[in-house]
Amino acid sequence: MRILISNDDGYFAPGLAALARELQSLAQVTVIAPERDRSGASNSLTLDRPLSVRTAASGFHYVNGTPTDCVHIAITGMLEHRPDLVVSGINDGANMGDDTIYSGTVAAAMEGFLLGVPAIAFSLSHRGHEHLDSAARVAREVVQRFIDNPYPAPGPVLLNVNIPNRPYEQIGPWVSTRLGKRHHAEEVIKSRNPRGDLIYWIGPAGNAKDAGPGTDFHAVAAGQVSVTPLHIDLTATSLADATRNWLAS
Ligand code: MN
């Protein structure tokens, strides 16, 4: 069993170290991650310059690129063997609902999935690593389940897992969820730099809007481990007829 691990918080992130430490007991692990925090990088690939892979004292490889670059490089050229599983995280903060569109954590897993390798993204629901050790233990158990019990799908699967920020003993059952939705992001924060120029900080994500039963938000708020199966087809199938009629009108 070979597992490729990446993240979007950078190769120095505590969540990456915790994940690698736990998964080393299950499989042969290779870690490749961005050289700096690339949270919010989504699925971007670096196409305007070459990329370098260096190795830290920890043995982790790091790349001057995005999470997607890391997994892409590893699978399409760097590794001698294809991994059996790509695991991303553990992100410092939740990736639920609309977050998944922007998330580099989910994107790293998604790149593995796009290249035909099953993949799991792990996020801890609150920033600050308070209960990172218990989240890492849950992550190991989920991966163990994946190894022991073949996932009942015909092809590779992409799972988005959010773990509540609680002591291990207080974490509830694992539940299958759908993505909820957030309100619009809060406004950009306008400020002035020291030279007096107007600058903008992107505002925080909105609060949950669709957080009802069955959603990732609902599960994590109840102390459960949210497991959302994702796919990539963006086609709005329900609008196919409307589009056809509109084009014919
Ligand atoms: Mn991140």
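Start on the surface: select Val 188, Leu 198, Tyr 200 and Ile 202, which make up a nonpolar patch with about 430 Å² of accessible area together. Patches here are built from residues with over 30% relative accessible area and no salt bridge, joining like charges within 9 Å and nonpolar side chains (Val, Leu, Ile, Met, Phe, Trp, Tyr) within 5 Å. The areas come from the Shrake-Rupley method with a 1.4 Å probe, and for residues only the protein chains shown count as cover.

Before you click on, note that this is a predicted model: local features need pLDDT of at least 70, side-chain atom pairs count only at pLDDT 80 or more, and totals for chains, interfaces and linings use all residues. Residues are numbered from 1 along each chain as its sequence is written, and side-chain values use heavy atoms, with hydrogens and water left out.

Zoom in on Ile 202, in the loop between strand 11 (198-201) and strand 12 (208-210). Helices (H or I, at least four residues) and strands (E, at least two) are DSSP runs, numbered from the N terminus. Ile 202 counts as exposed because its relative accessibility is 74%; the cut-offs are under 20% for buried, over 50% for exposed, and partly exposed in between (1.4 Å probe, protein chains only).

**Strand 1 and helix 1**

Now select residues 2-6, which are strand 1. Four of these five residues are buried, so the strand is largely enclosed by the rest of the structure. Add residues 28-34 to see strand 2, which pairs with strand 1 in the parallel sense over four bridges. Pairing here means that DSSP finds at least two bridges between the two strands. For one bridge to look at, pick Arg 2, whose partner in strand 2 is Gln 28.

Next, select residues 14-23 for helix 1, where seven of the 10 residues are buried. Colour Gly 15, Leu 16, Ala 18, Leu 19, Ala 20, Glu 22 and Leu 23 to see the buried ones. What do the buried residues of helix 1 pack against? Show strand 1, strand 2, strand 5, strand 6 and helix 5; contact means heavy atoms within 4.5 Å.

**Salt bridges**

Stay on helix 1 and show the side chain of Arg 21, which forms a salt bridge with Asp 133, with the closest N and O atoms 3.4 Å apart. Arg 21 is in helix 1 and Asp 133 in helix 5, so this pair ties together parts that are 112 residues apart in sequence. A salt bridge needs a side-chain nitrogen of Lys or Arg within 4 Å of a carboxyl oxygen of Asp or Glu, and the count by this rule is six. Arg 21 is partly exposed at 45% relative accessibility, while Asp 133 is exposed at 54%.

Then pick Asp 92 and Arg 127, whose side chains meet in a salt bridge at 3.8 Å, N to O. Asp 92 sits in strand 5 and Arg 127 in the loop between strand 6 and helix 5, so the pair links parts 35 residues apart in sequence. Is each partner buried or exposed? Asp 92 is buried at 15%, whereas Arg 127 is exposed at 66%.

For another one, go to Asp 99 and Arg 182, at 2.6 Å, N to O. Asp 99 belongs to helix 3 (residues 99-102) and Arg 182 to strand 9 (residues 181-182), so the pair ties together parts 83 residues apart in sequence. Asp 99 is buried at 12% relative accessibility, and Arg 182 is buried at 18%.

**The loop after strand 6**

Select Ser 125, in the loop between strand 6 (119-124) and helix 5 (132-148). Ser 125 counts as buried because its relative accessibility is 12%. Leaving aside neighbours within four places in sequence, Ser 125 is in contact with Gly 93, Ala 94, Ile 163, Pro 164, Asn 165 and Val 220. Show His 126 too: a polar contact of 2.8 Å joins its side chain to that of Ser 125. A polar contact is a pair of N or O atoms within 3.5 Å; within protein, one must be able to donate a hydrogen and the other to accept it, and residues adjacent in sequence count only if both atoms are side-chain atoms.

In this loop you also find His 129, with a positive phi near 65° and 28% relative accessibility, so it counts as partly exposed.

**Backbone oddities**

Most residues other than glycine have a negative phi, and most peptide bonds are trans. Check Ser 42, in the loop between strand 2 and strand 3 (53-55), where phi is near 50°. Finish at the peptide bond from Gly 89 to Ile 90, which is cis with omega near -10°; Ile 90 lies in strand 5 (residues 85-92).
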